[in-house]
Amino acid sequence: MRSAPRLGAVTILVALLLLAGSGVAAAHAVRIATDPADKAALATGPARVSATFNERMQTTFAAMTVVGPDGNLWSTGDPQVQGAVVSVALRPLGPTGTYTVNYRATSADGHVVSGSWSFELTRAGTGEPGPPAAAPAEPELPVWPFVVGATVLIAGGALWAVRRRT
Ligand SMILES: [Cu+2]
């Protein structure tokens, strides 16, 4: 039976293509820039912080907060989504130290991307903080495309083994 190895090879190829396809499907929006830059040292706080992605973001369900070294919220108001840029306004800042920006936004393909970056305030400001910050949002990673891909690959391999023995 000369066609059996070829069928096996085709099955594996299809499985690999499906795996590659699921990888593409999982490639949602990627953050390409932040303002201020990650780890920037600033003497005065900016009026807003923003993250720029590689594609337009959905305008619904965006979240962005800035948590100061005191554990309080220093962002104020709702985040804004304008095209590929998600931003939020800042209060005048207070204590020196690390301010962390946490965000969560929805890609054009419906996948949620979340992450954080931080900057340093080197000179204390006179601002008053907002309320204590809640725990940052959990990062979300879709696992199912990989499970489906692996299942197809294993099934394809098993089919190949069975075919080869007959
Ligand atoms: Cu995606």
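Q: What spacing do the donors of the copper ion follow along the chain?
A: This is a predicted model, where local features need pLDDT of at least 70 and side-chain atom pairs count only at pLDDT 80 or more, while totals for chains, interfaces and linings use all residues. As for bookkeeping, residues are numbered from 1 along each chain as its sequence is written, and side-chain values use heavy atoms, with hydrogens and water left out. Along the chain, the donors of the copper ion are spaced as H-x80-D-x1-H.

Q: Which protein donors does the copper ion have?
A: A donor is an N, O or S atom within 2.8 Å of the metal (3.2 Å for Na, K and Ca); water is not among the atoms, so sites may look incomplete. The protein donors of the copper ion lie 1.9 to 2.5 Å from it. They are His-28 (ND1), Asp-109 (OD) and His-111 (ND1).

Q: How many residues apart are His-28 and His-111?
A: Helices (H or I, at least four residues) and strands (E, at least two) are DSSP runs, numbered from the N terminus. His-28 is in the loop between α1 (3-25) and β1 (31-35), whereas His-111 is in the loop between β7 (97-106) and β8 (112-121). The pair links distant parts of the chain, and the separation is 83 residues.

Q: Does His-28 count as buried or exposed?
A: Here buried means under 20% relative accessible area, exposed over 50% and partly exposed in between (1.4 Å probe, protein chains only). The relative accessibility of His-28 is 16%, so His-28 counts as buried.

Q: How does His-111 count at 22% relative accessibility?
A: Run His-111 through the burial cut-offs: the value is 22%. That gives His-111 the label partly exposed.

Q: What is the order of the four strands in the open sheet with antiparallel pairing?
A: Two strands pair if DSSP finds at least two bridges between them. β1 and β3 run antiparallel and share four bridges, with Ala-33 opposite Thr-52 in β3. β3 and β6 (residues 85-90) are joined by five bridges, also antiparallel, while β5 and β6 pair in the antiparallel sense over five bridges. Put together, the order is β1-β3-β6-β5.

Q: Which strands stand at the edges, each with a single partner strand?
A: Each edge strand has one side left without a neighbour in the sheet, because it has a single partner strand. Those strands are β1 and β5.

Q: Which residue in the turn of the β5 and β6 hairpin has a positive phi?
A: Within this pairing, Val-81 has Val-86 in β6 as its bridge partner. β5 and β6 form a hairpin with two residues between them. The turn residue with a positive phi, about 65 degrees, is Gly-83.

Q: What is the bridge partner of Ser-50 in β6?
A: Ser-50 lies in strand β3 (residues 48-53), and at 14% relative accessibility this serine counts as buried. Contact means heavy atoms within 4.5 Å. Leaving aside neighbours within four places in sequence, Ser-50 touches several residues, among them Ala-33, Asp-35, Val-85 and Trp-117. Its bridge partner in β6 is Ser-87.

Q: How many aromatic pairs does the structure hold?
A: Rings of Phe, Tyr and Trp (its six-membered ring) pair if their centres lie within 6.5 Å; planes under 30 degrees apart count as stacked, over 60 as edge-to-face and the rest as tilted. On that basis, the number of aromatic pairs in the structure is four.

Q: What kind of pair do the rings of Phe-53 and Tyr-103 make?
A: The ring centres of Phe-53 and Tyr-103 are 5.7 Å apart and the planes are at 75 degrees. Phe-53 lies in strand β3 and Tyr-103 in strand β7, so the pair ties together parts that are 50 residues apart in sequence. Phe-53 is buried at 3% relative accessibility, and Tyr-103 is buried too at 8%. Going by the angle of the planes, the pair is edge-to-face.

Q: Which residues form one aromatic cluster?
A: Phe-53 and Tyr-103 both belong to it. With the tryptophan added, the cluster is Phe-53, Tyr-103 and Trp-117.

Q: What is the order of the four strands in the open sheet with mixed pairing?
A: β7 and β8 pair in the antiparallel sense over 10 bridges. Across that pairing, Tyr-103 stands opposite Gly-115 in β8. The full strand order is β2-β8-β7-β4.
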